[in-house]
Amino acid sequence: MGERGRSPILAAAGVGRTYPVRGGSVRALDDVSLALWPGEILGVVGRSGAGKSTLARLLLGLERPDEGTVTYAGRELTSLVARDARRMRRAVQAVFQDPTASLDPRQSVGTIVAEALAVHNLAPRRSRRERSRELLAEVGLPGEDAFLARLPRELSGGERQRVAIARALASRPEALILDEPVSALDVSVRGQVLNLLLLLQRRTGMAMLVIAHDVLLVARLCTRVLVLSAGRVVEEGPAARVLTRPTGPATAELLAAARWLAAGEPGAAG
Amino acid sequence: MPPIVEVEDLAVAFPKPGAGMRIVLDGVTLAVEDGEAMGLVGESGCGKSLTALATVRLLPQTARVVRGSVRLGGEDVLGAEEKRLCELRGGVVGFVFQEPSRALNPVRSVGSQVTEAARLHLGVRGGDAAALASRLLAEVGLDEPDRVAHAYPHQLSGGERQRVLLASALAAGPRVLIADEPTSALDTVSQQRLVELIRRLRESRGLTLLFVSHDLALVGRLVERVTVLYAGETVEVAGRDALFADPRHPYTQALLQARLESGDAPGLFPTVPGAVPRAGEWGAGCRFAPRCPHAWERCRRARPALAPAGDGRTVRCFLASDEEEPGG
């Protein structure tokens, strides 16, 4: 990635973030640098508390770093003028782990998607419903009125996450940040949602940054991977290399646990 | 000797808003022999958590048992007196629930919560309780057990909280440990450590284990036998090795095929078509038929019974059972 003449969509340079806790502070991120290049699927793996979700919030501009800079298309997020900030919010979208929490329980599917179109001023009122149907079709959901009228609790977990993806696609983003996108879903529907992401990426060419603790999933989904441990980037490179021949102890630990859990065999071996 | 935990053809319903009942369990059968480790596997809405709760009659207030029986060590649970149930809960069966943050009281110290069952069932008090708390917290692998005993739940990590719950489940020395998705909120490294800890505790204490999870591979690390639930009913019961080597129910086959393995090439993920049906919204035939690659007309018309399939296995599938259809 990163050949001459291209620039990253999102980049972090020397980013640090410290949270106050009772009796001290926690260093959530420490001197983290990364770039998300057009068209790539970048995986960010690490244990709970390694800083993965903090990194996602910084890249989305939901939080500011204490040190370092986060840039969108080369411009620092904190210094974007109103018009550029709007453009960035359209260009970088997010999908979170638990669609139950990220979808308004009182809004129908149709309203959720139409509102995303309205917020970004992407479709005139009269064509919003038609455009919503197209977006739902893109994520493999039916577009008939009965489905548009459903509330989130009337959907399966997989359907809810597809609605969250459709909402994120409304603004035709350049980049999608996905924080544990399938870990709240049933095992038998995870594959469908992951394949949807892969196919959307291939069709639209948008970049994806996928945060997950399951390295086997990341190994299959991502082109490049970055390993976080205790707030620092400890390893980075092509997924095929990092997640088969790790060079650091943090990566090796993640990989060993994932292999052990996946093997499903008994006893002391493994 | 009867199985220590025995659920037979259990059906449970909840009142629907308005009128009528929604059946959420309809044909759950589970038998855990004394001393064995059993996995109870299934996805959301299959009824695995309700089944676990039913073993000690901890079903939600509005739930109604429509059919079936639940026994602990041969003793009827559904008709038991409240006083006897209290003895069974914690005293005979220890429980670990999925979300440690919800199962622990945020304003009570860890130590007092860990020993609650021992105070209730064994009358342990004062300094004895404090010593017991320390001993239990050390047993579940927490460094500095005295510090942890004086801490509050929010001061601990997710993995530590889950160990605290395990310690409190063991406080009164139960024979059976029921753990409901204890690892699903943890990262993979903590998952592996907790599974290894439960395995050690089971050996050192000679526990009977019922381990409830959506993750078949993880369950395989812990148990000797597996009961697979789908859509409110038991679909397959088999020894772990037999189940992994030769799954008979198409749903079990699909779950195993959907597993990710190390060394998988990048690319599309294995999938199971369709979605898990919502509780109670099941057709007349086999509940997996809409997603099953082998389903034929009969599967959509009639519901297969849970039937023996050789080698002590039972399967709810027309393709797998030994029995012929009555009348051909």
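## A strand at the edge of a sheet

Let's start with strand 6 of chain A, residues 92-95, which is covered on both faces: Val92(A) and Ala94(A) are buried on one side, and Gln93(A) and Val95(A) are buried on the other. Buried here means that 20 or more other C-beta atoms lie within 10 Å of the residue's own (exposed is 12 or fewer, partly exposed is in between), with C-beta atoms placed from the backbone. Strands (E, at least two residues) and helices (H or I, at least four) are DSSP runs, numbered from the N terminus.

A quick note on what you're looking at: this is a predicted model, where local features need pLDDT of at least 70, side-chain atom pairs count only at pLDDT 80 or more, and totals for chains, interfaces and linings use all residues. Residues are numbered from 1 along each chain as its sequence is written, while chains are lettered from A and ligands numbered from 1 in the order in which they are written.

Strand 6 of chain A runs parallel to strand 7 of chain A (residues 175-179), and four bridges join them. Gln93(A) has Leu176(A) as its bridge partner in strand 7. Two strands count as paired if DSSP finds at least two bridges between them.

Now zoom out. The open sheet in chain A has six strands in the order 6-7-8-3-9-10, with mixed pairing. Strand 6 and strand 10 (232-238) of chain A are the edge strands, each pairing on one side only. Further along the order, strand 3 (residues 41-45) and strand 9 (residues 224-229) of chain A are parallel, with four bridges, and Gly43(A) sits opposite Val225(A) of strand 9.

Here are the two parallel pairs side by side:

| Strands of chain A | Bridges | Partners |
|---|---|---|
| 6 and 7 | four bridges | Gln93(A) and Leu176(A) |
| 3 and 9 | four bridges | Gly43(A) and Val225(A) |

What about the helices? Chain A has eleven of them, plus ten strands. Helix 11 of chain A (residues 249-263) has 15 residues, so at 1.5 Å a residue it should span 21 Å, and its end C-alpha atoms are indeed 21 Å apart. That expected span is 1.5 Å times one less than the number of residues. Among the buried residues of this helix are Leu254(A), Trp260(A) and Leu261(A).

As a whole, chain A has 270 residues, and buried residues make up 50% of them. Its C-alpha trace spans about 55 × 50 × 45 Å along its principal axes.
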